[in-house]
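Trainee: Could you take me through one part of this protein slowly? I would like to see how that part sits among its surroundings.

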Amino acid sequence: MLDNIVEFNDVGFVYPGDSDNGIEALADINVSIKRGEFIAVIGPNGSGKSTLARHINALFRPTNGDVIVDGMNTKNEDMLWSIRQTAGMVFQNPDNQLIATIVEEDVAFGPENLGLPREEIAKRVNEALHLVNMEDYADFAPHMLSGGQKQRVAIAGIIAMHPKCIVLDEPTAMLDPIGREEVIATIKRLNKEENMTVVLITHFMEEAVQAGRILVMDHGHIIMDDVPKKIFTRIDDIKRIGLDVPAMTELAIRLNNCGLMVPKDVLTVEEMAEALCQL
């Protein structure tokens, strides 16, 4: 089995434009994602985050270079269905992803299109709803659910396809804080308990810090690739491209400026509480 489930090799992507040159969205992308990793991708608007995400399940294919997903080149037309089964995609607006009138029917849509036996479909639907803690809502109409619950149903629909990797393109952008918390808890559970590879595109730094690794993008390039604590100690570089740092990191800096020497790589409320208790 290959260690890397996704590989970008010298990838560039150009959107067709009015000029002969088009609009370059990705340039010189070389990055590998290991099986079971939880990676967050951050960057300012227009940095190429969503374009990168759409290459993983071959919605986009590179203008130059190669994207390899579980050993399959996305340029190979014959492999597209297998690639999209391997790497499932969850988008920003859950209302655009739910198509059935009943939750369990929506989750069953993907497995039905695989032509699976009815017993296997029912098993996958039950397992997927259980994994996102939505089994009690199987008979509900999607429009009766909260935003966070709808997004968890959308994730269940992808899980029911048994992907090895799930790519989430700003899945909490339209949710309230409770909905965001529900979805991120679900993502972390899938990664930790099911060893599912997760690629999370987000503009919330408090979400990014929960990943094991962060890619920072700017103008179509990956400009940083490291663990969260190392990424967010580069505060000047982060702010220079228009991003914020996590609230607790900002607080740590201000406390240090006031003479309270807490670690400057604090990322979460829990870490801040522990640091303050030790003073």
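What follows is my request about one helix, and then a connected answer. Which parts of the chain do the buried residues of helix H5 pack against?

Mentor: Happy to help! Keep in mind that this is a predicted model.

Let's begin with the setting. The protein chain has eleven helices and ten strands. Its radius of gyration is 20 Å, close to the 19 Å that the globule rule gives for 279 residues, so the chain is as compact as a globular protein of that length. The C-alpha atoms fill a box of roughly 65 × 50 × 40 Å along the principal axes. Of the 279 residues, 51% count as buried. If you look at contacts with a separation of 6 or more, residues 24 or more positions apart account for 62% of them.

Now to your helix. H5 covers residues 147–159, which makes 13 residues. At 1.5 Å a residue they should span 18 Å, and the end C-alpha atoms are indeed 18 Å apart, so expectation and model agree. An α-helix has 3.6 residues a turn, so residues three or four places apart point the same way.

Next, see how covered this helix is: twelve of the 13 residues of H5 are buried. Buried here means under 20% relative accessible area. Among the buried residues of H5 are Val153, Ala154, Ile155 and Ala156, and Lys150 and Arg152 are on that list too.

Here, then, is the answer to your question. The buried residues of H5 pack against two strands, S6 (87–90) and S7 (165–169). They also pack against three helices: H3 (103–113), H4 (118–131) and H6 (177–194).

From H6 you can follow the chain onward. The loop between H6 and strand S8 (197–201) holds asparagine 195. This residue has a positive phi of about 55° although it is not a glycine. With a relative accessibility of 53%, asparagine 195 counts as exposed.

Histidine 219 makes a nice companion to it. You will find this histidine in the loop between S9 and strand S10 (221–226). Histidine 219 has a positive phi of about 50°, and it is not a glycine either. Its relative accessible area is 65%, so it is exposed.

Strand S9 itself gives you a contrast, through valine 216, which lies in it. Valine 216 has 0% relative accessibility and counts as buried. Beyond its neighbours within four places in sequence, valine 216 is in contact with several residues, including Ile42, Ile223, Met224 and Leu243. Isoleucine 238 is another of these contacts; valine 216 and isoleucine 238 are 22 residues apart in sequence and 8.6 Å apart in space, C-alpha to C-alpha.

Just before S9, valine 209 sits in the loop between helix H7 (205–208) and strand S9 (213–218). Valine 209 is in a loop, yet it is buried, with a relative accessible area of 11%. Not counting residues up to four places away in sequence, valine 209 touches Pro228, Phe232, Pro246, Leu267 and Thr268.

One last stop is helix H10 (residues 247–257), where asparagine 256 is found. Unlike asparagine 195, which counts as exposed, asparagine 256 is buried, with a relative accessible area of 13%. Leaving aside neighbours within four places, asparagine 256 is in contact with Met261, Val262 and Lys264.

Key:
Residues are numbered from 1 along each chain as its sequence is written. This is a predicted model: local features need pLDDT of at least 70, side-chain atom pairs count only at pLDDT 80 or more; totals for chains, interfaces and linings use all residues. Side-chain values use heavy atoms; hydrogens and water are left out. Helices (H or I, at least four residues) and strands (E, at least two) are DSSP runs, numbered from the N terminus. The expected span of a helix is 1.5 Å times one less than its number of residues. Buried means under 20% relative accessible area, exposed over 50%, partly exposed in between (1.4 Å probe, protein chains only). Contact means heavy atoms within 4.5 Å. The radius of gyration is taken over C-alpha atoms; the globule rule is 2.2 Å times the number of residues to the power 0.38.
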